[in-house]
Amino acid sequence: MTITNKNTHTPPISASTPLFATDYNVYINHTDAGGIVYHANHLVFFENCRRDWFTKLGLNGYFLQTDDGEIQHFVVSQADLQYKKAILLDEVINVRIDKVELKPASIVFYQSIHRSMPNANDDTQANTAFLNSNYSNNTLLSSTKIVIACVQNQITPASISDSGADATANHSAPMRPIRVPQKLRETIEQALIQHANN
């Protein structure tokens with residue numbers, strides 16, 4: 001996996017409605033000693049968002065099993081991140097999937113993190129102060145282009161438990177790249193069509 005801090009591959013985030021967006025609370029375990037979200041944890045929030053989107057689509061975001069019992073899943077093969085502003089302890093952030101591209105054996109996600117607006121039920125005066133500050137929900141905190149590649153395990157979980165460490169020692173290539181499974185592809189394509197028509 002490569003992680004860069006360049007913006008050459010990350011397109012500008014438009015004002016269009018994202019494919020999927022959800023809020024997350026920032027807890028102490030996400031931050032460093034200064035109360036700022038540790039840079040690698042941006043990846044954690046991006047992954048949680050992708051998994052939550054897959055769940056919404058009715059997909060198992062971790063493992064897919066073929067009729068033959070073979071296990072297929074995804075691994076991150078590229079992550080290009082651009083950090084704009086610090087994410088702070090106790091903030092609520094809005095993590096988005098802005099765009100998805102389907103490739104034969106991978107899926108490309110363009111994602112972003114923004115500051116979240118306070119709830120509509122919050123005190124009006126507090127909302128006004130929030131909106132007048134620099135911490136509006138239009139504040140882009142980070143953006144990324146993440147490529148996840150589809151792979152198939154050459155070693156089944158059963159063979160590992162039966163044979164112990166020797167099973168992995170005898171396999172120099174426990175995973176191989178494969179095409180994105182048809183059911184998954186069709187589900188994502190349908191979601192993209194529905195989003196385009198909204």
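**Exercise 1. Place Ile146 in the fold and work out which residues surround it.**

Step one: find the element. Ile146 sits in strand β7, which covers residues 140–153. Keep in mind while working that this is a predicted model.

Step two: check the exposure. The relative accessible area of Ile146 is 1%. The cut-off for buried is under 20%, so Ile146 counts as buried.

Step three: look across the chain. Ala79 is 67 residues away from Ile146 in sequence, yet their C-alpha atoms are 4.5 Å apart.

Step four: list the neighbours. Setting aside residues within four places in sequence, Ile146 touches Leu43, Phe46, Arg50, Val76, Gln78, Ala79, Ile107, Val108, Phe109 and Gln111. Of these, Leu43, Phe46 and Arg50 are also among the buried residues of α1.

**Exercise 2. Test whether the span of helix α1 agrees or disagrees with its number of residues.**

Start with the count: α1 runs over residues 41–56, which makes 16 residues. At 1.5 Å a residue, the helix should span 22 Å. In the model its end C-alpha atoms are 23 Å apart, so the two values agree.

Now see which side chains are tucked away. The buried residues of α1 are Asn41, His42, Leu43, Phe45, Phe46, Cys49, Arg50, Arg51, Trp53 and Phe54. After the helix comes Gly58, with a positive phi near 80°.

**Exercise 3. Describe the surroundings of Tyr24 and say which ring it pairs with.**

First, the location: Tyr24 belongs to strand β2. With a relative accessible area of 13%, Tyr24 is buried.

Next, the contacts. Beyond four places in sequence, Tyr24 meets Phe45, Asn48, Cys49, Asp52, Glu91, Val92, Ile93 and Val95. Take Ile93: it is 69 residues from Tyr24 along the chain, but the two C-alpha atoms are separated by 5.4 Å.

Then turn to the rings. The structure has five aromatic pairs. In one of them, Tyr24 and Phe45 are 6.0 Å apart centre to centre with 45° between the planes, and the pair is tilted. Tyr24 is in β2 (residues 20–25) and Phe45 in α1, so this pair ties together parts 21 residues apart in sequence. Both partners, Tyr24 and Phe45, are buried.

**Exercise 4. Classify the ring pair formed by Trp53 and Phe109, then see what else is around it.**

Begin with the geometry. The ring centres of Trp53 and Phe109 are 6.1 Å apart, and their planes stand at 90°. Planes over 60 degrees apart count as edge-to-face, so that is the class of this pair.

Now place the partners: Trp53 is in α1 and Phe109 in strand β6 (residues 106–115), 56 residues apart, so to speak of a link between distant parts of the chain is fair.

How about exposure? Trp53 has 2% relative accessibility and counts as buried. Phe109 is buried too, at 0%.

Finally, widen the view. Trp53, Phe54, Phe74 and Phe109 make up one aromatic cluster. Arg50 lies over the face of Phe109, 5.8 Å from the ring centre.

**Exercise 5. Is Asp90 buried or exposed, and what is the sign of its phi?**

Asp90 is found in the loop between β4 (71–83) and β5 (92–102). Its relative accessible area is 63%, so Asp90 is exposed. As for the backbone, phi of Asp90 is positive, near 75°, in a residue other than glycine.

**Exercise 6. Sum up the chain, and say where the pLDDT is below 50.**

Count the elements first: there are five helices and eight strands. Along the sequence they read β-β-α-β-β-β-β-α-β-α-α-β-α.

Then look at packing. Of the 198 residues, 38% are buried. Among contacts between residues at least 6 apart in sequence, 74% join residues at least 24 apart. The accessible surface is about 11,500 Å², and carbon and sulfur atoms account for 50% of it.

Last, check the confidence. The average pLDDT is 80, with 70% of the residues scoring at least 70. Over residues 1–14 the pLDDT is below 50, and this stretch has 31 contacts beyond near neighbours in sequence. Residues 120–136 also stay under 50, with 15 contacts beyond four places in sequence.

Methods. Residues are numbered from 1 along each chain as its sequence is written. Side-chain values use heavy atoms; hydrogens and water are left out. Helices (H or I, at least four residues) and strands (E, at least two) are DSSP runs, numbered from the N terminus. The expected span of a helix is 1.5 Å times one less than its number of residues. Buried means under 20% relative accessible area, exposed over 50%, partly exposed in between (1.4 Å probe, protein chains only). Rings of Phe, Tyr and Trp (its six-membered ring) pair if their centres lie within 6.5 Å; planes under 30 degrees apart count as stacked, over 60 as edge-to-face and the rest as tilted. A charge sits over a ring if NZ of Lys or CZ of Arg is within 6 Å of the ring centre and within 35 degrees of the ring normal. Contact means heavy atoms within 4.5 Å. Accessible areas come from the Shrake-Rupley method with a 1.4 Å probe; for residues, only the protein chains shown count as cover. pLDDT is the predictor's confidence in each residue, from 0 to 100.
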